[in-house]
Amino acid sequence: MKPADLIPRPEWYPTRARGGWLSLRVGLWLGVTFTTCFLTGLISHFHQHPGLFPLPDGPAWGYALSQGIHVTTGIASIPLLAVKLWSVAPRFWHRPLVGGVLRMLERGSVLVLVASAVFELVTGLLNVAEWYAFGFFFPPVHYAVAWVAIGAIGVHIAVQLPKVRALWAEPEPPADATDLNRRDVLRLAGLGAVVVAGVTAGDKIPLLRQVGVLSQRSGNGPQGLPVNRSAVAAGVVADPDWHLSVLDQGVERTFSLADLRALPQHSALLPIACVEGWNAWASWEGVPLRDLIDDPGGVAQVTVRSPDPGGYGASTVNKQTLNHPDTLLALRLNGEQLALDHGYPARLIAPNRPGALQTKWVTVIEVRR
Ligand SMILES: Nc1nc2c(c(=O)[nH]1)N[C@H]1C(S)=C(S)[C@@H](COP(=O)(O)O)O[C@H]1N2
Ligand SMILES: [Mo]
């Protein structure tokens, strides 16, 4: 046997359920989930890179919705992509494997498409599972490869477009009781997408908590809210001498916790909406951020900092969000003093904002005019 004989051949895939009819339909569904995932991913990127594209400071649940859709459509894409690859598998082995410039370009673009799509789904899923098996910082790589994937999808659709009409009308293969039925495979793909979305949706939609058996973040942390990064992990301890510094044009003003408690308090019902897709609503009470700044009208942006050395130990608040009455330096959560894991003594909470930017354990507010 020659080594070349070990390379699969199209004839090795006898089932007639595979092929254009199924590939086209699963491909359409995949096109919808993947494009939705891409667009909501862009929204998340714009939130985390302010200045690229102006985003509104409301509704309060905006990011919870868009990021919930991002993670859900990504997860639903996994069974769809699996069935799509299953359906087109014989085509990868058409002979000659290599040859013809145009054909090689087309095969190359499909390879890029498959590799980038699998990469996005795998890294996204690992990130949601907080299993950082990859050795790189997730967001910029996931973002860059998303453009590769969406570009490759565009090329793929353009190349396949002339065939779509014929594939759509492709006649039913002759009945064979021993063979799979392509309609059943298509239904299975759809069912798979709905099921995986459903069992992971409990941390996004409270009504689905009962069926959301794989919704890892719907469990309660202290004060009824999951914890993303604990105080121990961040190296933060409760400090009896804690105080807040507001740095503004070279002038430092400090507030003790008692000072903050003595200021007029405002409460707001706002979600923590994590990039991992889960969200949890709570009633927050504290000092509107703008009340801590003299002449907030003249502020360009504010950076809040914590002693946490991690990547989410600080965040920037733009002018619009700063001036929103519900943008708080929160001291209380659901009627109690903040738990240390939720940012005691003070944390930022603001409407329509990724959880990653809701900085806990704030000690410094830096004002830029
Ligand atoms: N200082 C600090 N604040 C932080 C983080 C962090 O790592 N360090 N993680 C953020 C992320 S990613 C999320 S989702 C929220 C979660 O808030 P919670 O732990 O109170 O639910 O906190 C944010 N605030
Ligand atoms: Mo997060």
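Is cysteine 274 buried or exposed? In this predicted model, cysteine 274 counts as buried, with a relative accessibility of 6%. Cysteine 37 is buried too, at a relative accessible area of 13%. For cysteine 37, the closest cysteine sulfur is the one in cysteine 274, but that still leaves 15 Å between the two sulfurs, which is too far for a bond. A disulfide would need the pair to sit within 2.5 Å. Across the structure as a whole, the disulfide count is zero.

The ligand site comes next. Ligand 1 has 19 residues around it, and those that come nearest are Pro226, Asp308, His342, Arg347 and Lys360. Sorted by character, the shell splits into eight nonpolar, seven polar and four charged residues. Several polar contacts can be picked out. Proline 226 takes part through its backbone, with an N or O atom placed 2.5 Å from an oxygen atom of ligand 1. Histidine 342 uses its side chain instead, putting a polar atom 2.6 Å from a ligand oxygen. On the nitrogen side of things, a polar backbone atom of glutamine 358 lies 3.0 Å from a nitrogen atom of ligand 1. As for how much of the ligand is hidden, on its own ligand 1 has 530 Å² of accessible area, and the protein covers 98% of that.

The backbone has a few quirks of its own. Most peptide bonds are trans, and most residues other than glycine have a negative phi. Against that background, glycine 58 and proline 59 are joined by a cis peptide bond, with omega at about -5°. Proline 59 sits in the loop that runs between α1 (20–48) and α2 (62–92). Another cis peptide bond links tyrosine 344 to proline 345, this time with omega at about 5°. Proline 345 also has a loop address, between β8 (336–337) and β9 (347–349).

Positive phi values turn up in loops as well. Glutamine 249 is not a glycine, yet its phi is near 50°. This glutamine 249 belongs to the loop between β1 (243–248) and β2 (251–256), and it is exposed, with a relative accessible area of 63%. Aspartate 295 likewise shows a positive phi, about 50°, without being a glycine. Its place is the loop between β4 (279–288) and β5 (301–305), where aspartate 295 counts as exposed at 54% relative accessibility.

Technical notes: Residues are numbered from 1 along each chain as its sequence is written. Chains are lettered from A and ligands numbered from 1 in the order in which they are written. This is a predicted model: local features need pLDDT of at least 70, side-chain atom pairs count only at pLDDT 80 or more; totals for chains, interfaces and linings use all residues. Side-chain values use heavy atoms; hydrogens and water are left out. A residue is near a molecule or strand if one of its heavy atoms lies within 4 Å of it. A polar contact is a pair of N or O atoms within 3.5 Å; within protein, one must be able to donate a hydrogen and the other to accept it, and residues adjacent in sequence count only if both atoms are side-chain atoms. Accessible areas come from the Shrake-Rupley method with a 1.4 Å probe; for residues, only the protein chains shown count as cover. Ala, Val, Leu, Ile, Met, Phe, Trp, Tyr, Cys and Pro count as nonpolar, Asp, Glu, Lys and Arg as charged, and the others, Gly among them, as polar. Buried means under 20% relative accessible area, exposed over 50%, partly exposed in between (1.4 Å probe, protein chains only). Helices (H or I, at least four residues) and strands (E, at least two) are DSSP runs, numbered from the N terminus.
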